[in-house]
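The following exchange examines how descriptive terms are justified by computed values.

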Amino acid sequence: MKDLAQWLSEYGESHQNPINQKIHKVAVPGIFLSVVGLIWSIPPIHLFGLTLNWVWLAALPVMVFYFRLSLSVFLMMLGFTLACISLIWSLEILQLSVLLVSLVLFAVLWLFQFIGHKIEGKKPSFFEDLQFLLIGPVWVFRKH
């Protein structure tokens, strides 16, 4: 497995343009939030009288990935993930459509991401390795 410095360096290679960086600063955390919302929207599991949302199961391997990078990355992304879950839960409490909000955010923010990469003149890193989708938020939070 690559170490944190290698991941961030490789990710940064296709994110040199200041406009693309600004787009990523907004879009990457927003896309992460939207994915949390999409997973939240999957009907929960009912086991032994307990109701478990899929978002908790999906977060486990993601947090293991971050922990293997570093404790500080793990803590940062755990905090951000819990904040995203709290925001999504709040949308549900307010009786807003988590699925619709998440789909719209996902589509619009990815559109901006691809515009940023068009400006950059380089394709998104995740085309080479899907794990870069998990590196994006770390790069954004550590870069700015």
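Q: Why is Ser 125 called buried?
A: Buried means under 20% relative accessible area, with exposed over 50% and partly exposed in between (1.4 Å probe, protein chains only). Ser 125 has a relative accessible area of 6%, so the residue is buried. This is a predicted model, in which local features need pLDDT of at least 70 and side-chain atom pairs count only at pLDDT 80 or more, while totals for chains, interfaces and linings use all residues. Residues are numbered from 1 along each chain as its sequence is written, and side-chain values use heavy atoms, with hydrogens and water left out.

Q: What makes the pairing of the side chains of Ser 125 and Ser 14 a polar contact?
A: A polar contact is a pair of N or O atoms within 3.5 Å, where within protein one must be able to donate a hydrogen and the other to accept it; residues adjacent in sequence count only if both atoms are side-chain atoms. The two side chains make such a contact at 2.9 Å.

Q: Which residues does Ser 125 touch, not counting those up to four places away in sequence?
A: Contact means heavy atoms within 4.5 Å. On that basis Ser 125 touches Glu 10, Tyr 11, Ser 14, His 15 and Phe 132.

Q: How do you know that the span of H4 is close to the expected one?
A: The expected span of a helix is 1.5 Å times one less than its number of residues. Helix H4 (residues 71-93; helices are DSSP runs, H or I, of at least four residues, numbered from the N terminus) has 23 residues and reaches 32 Å from first to last C-alpha, close to the expected 33 Å. Its buried residues include Phe 74, Met 77 and Phe 80.

Methods. Helix = DSSP H or I, 4+ residues; strand = E, 2+ residues; numbered from the N terminus.
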